[in-house]
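Visitor: Could you take me through one part of this structure up close? I'd like to pick a single helix and see what surrounds it.

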Amino acid sequence: MKTTRFIVKTALIILLLTPFTVLAQEGEVVDKIIAKVDDKIILKSELESAYIQFLTSPDAQNFQGDARCALLQNFVEGRVLLIMADIDSTFVEPARLDYEMQSRGQSIIQRFGSEEAILQNYGKTLDQILNELKPTIEDQVRMEMQESNILKDVVVTPKEVRKFFQRFPKDSLPLYPVEYEVGVIIKEPEVSEEEKEKVRKELIALRNKALNGESFEILATFNSEGPSGQNGGNLGFMARGALDPAYEAGALALKPGEISMPVESDFGIHIIQLVEKRGNEFQTRHILKTPKPNAQDILDADEFLKDLRKQILADSITFEEAAKLYSDDNSTKINGGFYTDQFGSIRISAGSLDPDLFFEIDKLKDGEISMPEKIQVGQDAQVSRIIFRKKRYAPHRANLKDDYEKLKAATTQMKKAQKRAEYLQEKMKEVYLDIDPEYDRCGIINK
């Protein structure tokens, strides 16, 4: 059921962009209501759009059963969750909805390549499409929130994990491949103040051009290094708290039409033009330039890690402490520099590691820390990295000692699935449910 729930979520965007129509004779377009859950309906076009998307997914090859029935079951369950969300007053905060809208917008752009391609294919701008999708996206978020509220208190005990593990015959237990406990400390070169000042002067020159009547958008198109540059530097309406704090503070200190002096954020240095304020939202455009480190800056990062490595080997500081204090990799420093899998375990399968990283890890022995090396990030940026190979685990069948976190996660997922099923079974008795006879074979009402 996990597969089809993913398909339903993905299909919400596809419904508008690749609408399905059922054609009768002589081109007549036919659609019909195939299910009612209280006052909420499910259309045949919704189901068929989800089914088409399912057929193009890798999961279709291994799926057993009637896919349309599984998808319809999930649509019905979604409507039940929405009804319960209404009853429980589960609503989406504007900032959360804005974030989800932006995320969907980026997904659509990635799919088509550019906003211009979207306009050419559908005769609508991305903003128009997102406005039409907004109710659907909001419903999806509300369903997720309602489900999260239902399952938030699910916990498992060691006894339950052991019981789950003992259900499987030994020869049926999963075989785990080679795994590693591996951590990294990454140091970004610190750009010199001289380079930053050079960039500030460039931005002030562009600001003066805008103040003297040149188009800010055209200046952004030809000078901004950010992805919004091709869109004239426009970021659209954003909720407060959604952008870098320094950028937001600089923007909100302006009056509409004003242009800031250079503002430094985690992404670089900007000049910002405030376009409009609207309640909790504001619209800006900006020109971004990123100061580049020079050769000495990169060498300094290497030297910093060499010294830090010596301190770790001398037991002056642990690797975990050093990573939390000094690593510039936010995705790993919170875990003491260690990579984690989807279950939160620091044991990572060799196959999930980046090939270049795996090659370096394979050269180390357990307990060893590599010398600093420069690695490329993006097209023109380098950082320095040290690697700590804590331990290598040979291929083995799952066991409680070595794989407790994975087994705990699997037990938790099973318990959540049971609670979700019980909740929906109970709530489906409280709603009016009518399914078109065409889908009697699915047994949804009986379920």
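Here is a walk around one helix, then a look at the sheets.

Guide: Happy to. First, this is a predicted model, so to speak of a local feature we need pLDDT of at least 70, side-chain atom pairs count only at pLDDT 80 or more, and totals for chains, interfaces and linings use all residues. Residues are numbered from 1 along each chain as its sequence is written, and side-chain values use heavy atoms, with hydrogens and water left out.

Let's settle on helix α11, residues 295-313; helices (H or I, at least four residues) and strands (E, at least two) are DSSP runs, numbered from the N terminus. With 19 residues at 1.5 Å each, α11 should span 27 Å, and its end C-alpha atoms are indeed 27 Å apart, so the two agree. That expected span is 1.5 Å times one less than the number of residues.

Which residues of α11 are buried? They are Asp297, Ile298, Ala301, Asp302, Leu305, Leu308, Arg309 and Ile312, where buried means under 20% relative accessible area, exposed over 50% and partly exposed in between (1.4 Å probe, protein chains only). These buried residues cover an arc of only 145 degrees around the axis, which puts them on the same side of α11; the arc is that of the directions from the helix axis to the C-beta atoms. On the other side of α11, Ala295 and Lys310 are exposed.

Now the two ends. At the N-terminal end, Asn294 acts as the cap: one of its side-chain oxygens lies 3.1 Å from the backbone nitrogen of Gln296. That is a polar contact, meaning a pair of N or O atoms within 3.5 Å; within protein, one must be able to donate a hydrogen and the other to accept it, and residues adjacent in sequence count only if both atoms are side-chain atoms. After α11 comes Asp315, with a positive phi near 65 degrees.

What covers the buried residues of α11? The cover includes β6 (179-187), α12 (319-326), β12 (368-369), β13 (373-377) and β14 (381-393), with contact meaning heavy atoms within 4.5 Å.

Several of those strands are joined to β14. Two strands pair if DSSP finds at least two bridges between them. β6 and β14 are antiparallel and share nine bridges, with Ile387 in β14 as the bridge partner of Val184. β13 also pairs with β14 in the antiparallel sense, over five bridges, and Ile375 stands opposite Val383 of β14. β12 runs antiparallel to β14 and is joined to it by two bridges; here Glu368 has Arg389 in β14 as its bridge partner.

Elsewhere, there is an open sheet of three strands, ordered β4-β3-β16 with antiparallel pairing. β4 (40-43) and β16 (433-435) stand at the edges with a single partner strand each, so one side of each is left without a neighbour in the sheet. Neighbouring strands here are turned by 20 degrees against each other on average, direction ignored. Strand β3 (residues 33-37) and β16 pair over three bridges, and Lys36 stands opposite Asp434 in β16.

Two helices lie across this sheet. Helix α2 (residues 44-55) crosses β3 and β4 at about 55 degrees to β4, while helix α3 (residues 67-87) lies across β3, β4 and β16, at about 160 degrees to β4. For these angles, axes are lines fitted to C-alpha atoms, for helices over the stretch in contact, and the angles run from 0 to 180 degrees between N-to-C directions.
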